[in-house]
Amino acid sequence: MDLRERQGPAKTRHPWEIVRSRFFLALLDRFGALDQAGSWLDIGAGDAWVGGQLHARLPRGSRVVCWDSNYGREDLTAGDPGPTVELTATRPTDRFDGVLMLDVIEHVADDSQFVGDAVGRLTCPGGWVLASVPAYPILFSNHDRFLQHHRRYPPRRFVTLLADAGVDIVARGGVFHSLLLARAAQVAGERLSRHPMAEGGVGAWHRGPVTTSVVTSVLAAEARASLALGSRGWGAPGLSYWVLGRRQR
């Protein structure tokens with residue numbers, strides 16, 4: 001969860017968060033990225049929930065560092081989300097076997113420099129890189145403004161951004177295909193209305209367990225299809241676009 005979306009302790013995770021985490025962990029597992037103990041860096045980790053989920057899937061002895069420049073003193077002193085999950089507000093100096101950049105690049109003005117630094121200085125040669133971004137500039141909306149996004153990405157530009165930074169692409173594709181249509185309808189409504197809806201992000205999810213379970217199940221079924229398609233290089237359009245690769249040796 002983006003720290004801007006946080007509204008106190010998360011009692012019920014948004015289905016999008018749950019499915020997103022499962023999808024990316026399943027993607028890493030499918031390509032063997034979770035087979036060996038190692039060190040991982042989650043850049044723009046937000047409330048570090050994904051970092052905790054990652055650590056739970058890694059072999060014993062692994063290390064996960066969650067880096068978010070917006071962490072305050074309370075975040076850093078409240079206790080780690082896991083026994084070997086470390087939170088830091090300052091840029092690490094180590095190199096890592098795997099680096100996550102999940103929905104963070106769009107927050108940075110100079111994305112080329114940011115990605116180049118993450119790959120070249122923070123990732124070991126041959127290390128895994130998994131990144132995702134909101135897709136399609138035409139869908140830029142009040143939600144993006146609320147989250148302080150600089151842009152949404154055409155898939156081809158995003159793939160080129162990673163490749164130019166020294167990432168050998170292993171797999172790529174879209175995810176959350178049905179939400180693509182929902183966002184398109186929302187953007188159309190915003191442009192026709194003089195009173196845009198208030199934004200609260202995923203932290204504003206307060207539905208009950210039944211509704212959460214049903215929505216999660218629907219999105220999860222769709223995500224399984226996305227995983228199968230993306231793993232074979234048949235990425236379908238989605239609200240988010242992802243790239244999995246390895247830093248060139």
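This is a short conversation about reading the sheet, helices, salt bridges and cores of a predicted model.

Colleague: Which conventions apply before we start?

Modeller: Residues are numbered from 1 along each chain as its sequence is written, and side-chain values use heavy atoms, with hydrogens and water left out. The model is predicted, so to speak of local features we need pLDDT of at least 70, side-chain atom pairs count only at pLDDT 80 or more, and totals for chains, interfaces and linings use all residues.

Colleague: Happy with that. In what order do the strands of the sheet lie?

Modeller: The general idea is that strands of a sheet pair through backbone hydrogen bonds, either parallel or antiparallel. Strands (E, at least two residues) and helices (H or I, at least four residues) are DSSP runs numbered from the N terminus, and two strands pair if DSSP finds at least two bridges between them. Here seven strands make an open sheet with mixed pairing, in the order 3-2-1-4-5-7-6. Strand 3 (85-88) and strand 6 (167-175) are the edge strands, each pairing on one side only. From one strand to the next, the twist averages 15°.

Colleague: How many bridges join strand 4 to strand 5?

Modeller: Six, between strand 4 (residues 96-102) and strand 5 (residues 123-134), and the two run parallel. If you want a pair to look at, take valine 99, whose bridge partner in strand 5 is valine 129.

Colleague: Which strands does helix 1 lie across?

Modeller: To read such packing, use contact (heavy atoms within 4.5 Å) and axes, which are lines fitted to C-alpha atoms, for helices over the stretch in contact, with angles from 0 to 180 degrees between N-to-C directions. Helix 1 (residues 15-30) lies across strand 1 (39-43), strand 4, strand 5, strand 6 and strand 7 (240-247), and runs at about 30° to strand 7. Helix 2 (residues 49-57) lies across strand 1, strand 2 (63-67), strand 3 and strand 4, at about 170° to strand 2.

Colleague: Is helix 1 largely enclosed or open, and why?

Modeller: Here the cut-offs are relative accessible area under 20% for buried, over 50% for exposed, and in between for partly exposed (1.4 Å probe, protein chains only). Helix 1 is largely enclosed by the rest of the structure because 12 of its 16 residues are buried. Among them are Trp16, Phe23, Phe24 and Leu28, and also Glu17 and Arg20. After helix 1 comes glycine 32, which has a positive phi, near 80°.

Colleague: Now the charged side chains. How many salt bridges does the whole structure have?

Modeller: In general, side chains of opposite charge can pair when their charged atoms come close. The criterion for a salt bridge is a side-chain nitrogen of Lys or Arg within 4 Å of a carboxyl oxygen of Asp or Glu. A search of the whole structure finds eight.

Colleague: Which residue pairs with arginine 151?

Modeller: That is aspartate 111, with the closest N and O atoms 3.8 Å apart. Arginine 151 sits in the loop between helix 5 (142-146) and helix 6 (155-164), while aspartate 111 is in helix 4 (residues 111-122), 40 residues apart. Both ends have low values: arginine 151 is buried at 12%, and aspartate 111 is buried at 5%. Arginine 157 also forms a salt bridge with aspartate 111, at 3.0 Å between the closest N and O atoms. Arginine 157, in helix 6, is 46 residues from aspartate 111, and arginine 157 is partly exposed at 40%. Elsewhere, salt bridges that share partners join Arg63, Glu86 and Asp94 into one network.

Colleague: And the nonpolar interior: how many residues are in the largest core?

Modeller: A nonpolar core is a set of buried Ala, Val, Leu, Ile, Met, Phe, Trp, Tyr and Cys residues joined through side-chain atoms within 4.5 Å. The largest has 39 residues, and those with the most contacts inside it include Leu28, Trp40 and Trp242. Helix 1 gives the largest share of this core, eight residues. A second, separate core of 26 residues includes Val65, Ile105, Ala118 and Val243.

Colleague: What does tryptophan 242 touch?

Modeller: Leaving out residues up to four places away in sequence, tryptophan 242 touches Phe23, Phe24 and Leu27, among others, and also Arg172. Arginine 172 itself is in strand 6 and is partly exposed at 39%.
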